[in-house]
Amino acid sequence: MAIWNLGSINADMVYAMPHLPAAGETLAARSLDRFLGGKGANMSVAATRAGSEVHHIGAVGPDGAWAVERLTGYGVSTEHVARVAAPTGHAIIAVEPGGENQIILFPGANRALTREHLDQALDLAAAGDILVLQNETSMQAEAAKLGRQKGLCVCYAAAPFDADAVQAVLPYLDFLILNEIEAQQLEQATGKTPGDLGIKDVIITLGAKGARHIGGEAGSVLEVQALPVTPVDTTGAGDTFTGYVLSGLDRGLAMSEAMSQANRAAALMVTRRGTADVIPDLQEVQAANF
């Protein structure tokens, strides 16, 4: 089948810092790199490198041709990436030597998507295809509703977390992916645990502890343990995990197999500095010796 990703496209400006700056602190960076990023772009590249056909639905500004060219070069279909007047989205990412980060996000063109643009793209989707969304674009609830109407498997990666944004798409979801803190925030907002939301599949990523799947018959729980690696940059690891999980399911893997493969991809990802440009491909993931 195919994966349709209504997703952000950003320029990620990554600053290597001696430590993460405190409030009011001026701190010199040790280096600067520009990567293709945005949670959407990261997921599209990950799912493509994992072996799926991926169509990206998004937008860039007049300064964003390089990002579209790079996505295309990685094998992502960019036919539905609009060119708009707003500047391309970007993120300022500070990374300390242990791999932890702080991120300032400017949405830009990612919030300029229209219903017309969305309709034109999803008119080409087929029942059974996967639609994935994140909270970095406009048209999320509209896309989730349209995806449900067309018989797509609708997945929401609930980041950056906003309780109202998640609750707007909940009625249309088949699949929800969120981290441990986001799961707690959503429970506070809804009064329900992730397993009681009525969604077929829920994955909670647990960082260094791995990931948990809740779903199947009687809300069964599947745990996947994190692999032992020394992280240098955790940016994009969650997006890599999500892209690989969705690709695995798209290619017919069982949930346990898809999560195991995604876990390996994320483990490789945290040993690399950067975002979409350094996401490992399937051959690297399969060959990795953990």
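The exercises below, each with a worked solution, concern a predicted model of one protein chain.

**Exercise 1.** Find out how many helices and strands the protein chain has, and whether its radius of gyration agrees with that of a compact globule.

*Solution.* Begin with the secondary structure, where the protein chain shows 9 helices and 13 strands. Next, take the length of 290 residues, for which a compact globule would have a radius of gyration near 19 Å; because the protein chain has 18 Å, the value agrees with that expectation. Finally, consider the box that the C-alpha atoms fill along the principal axes, which is roughly 50 × 45 × 40 Å.

**Exercise 2.** Describe the burial, the contacts and the exposed surface of the protein chain.

*Solution.* Start with burial: of the 290 residues in the protein chain, 52% are buried. Then turn to the contacts with a separation of 6 or more, of which 64% are between residues 24 or more positions apart. Last comes the surface, since the protein chain exposes about 12,100 Å², and carbon and sulfur atoms supply 52% of that area.

**Exercise 3.** Decide whether Ala 23 is buried or exposed, and state where it lies in the protein chain.

*Solution.* First locate Ala 23, which is placed in the loop between strand 2 (10–16) and strand 3 (31–37). Then compare its relative accessibility with the cut-off: a residue is exposed when the value is over 50%, and Ala 23, at 85%, therefore counts as exposed. As a last step, relate Ala 23 to Pro 62, which is 39 residues apart from it along the chain, and note that their C-alpha atoms are separated by 33 Å.

How values were computed: Residues are numbered from 1 along each chain as its sequence is written. This is a predicted model: local features need pLDDT of at least 70, side-chain atom pairs count only at pLDDT 80 or more; totals for chains, interfaces and linings use all residues. Side-chain values use heavy atoms; hydrogens and water are left out. Helices (H or I, at least four residues) and strands (E, at least two) are DSSP runs, numbered from the N terminus. The radius of gyration is taken over C-alpha atoms; the globule rule is 2.2 Å times the number of residues to the power 0.38. Buried means under 20% relative accessible area, exposed over 50%, partly exposed in between (1.4 Å probe, protein chains only). Contact means heavy atoms within 4.5 Å. Accessible areas come from the Shrake-Rupley method with a 1.4 Å probe; for residues, only the protein chains shown count as cover.
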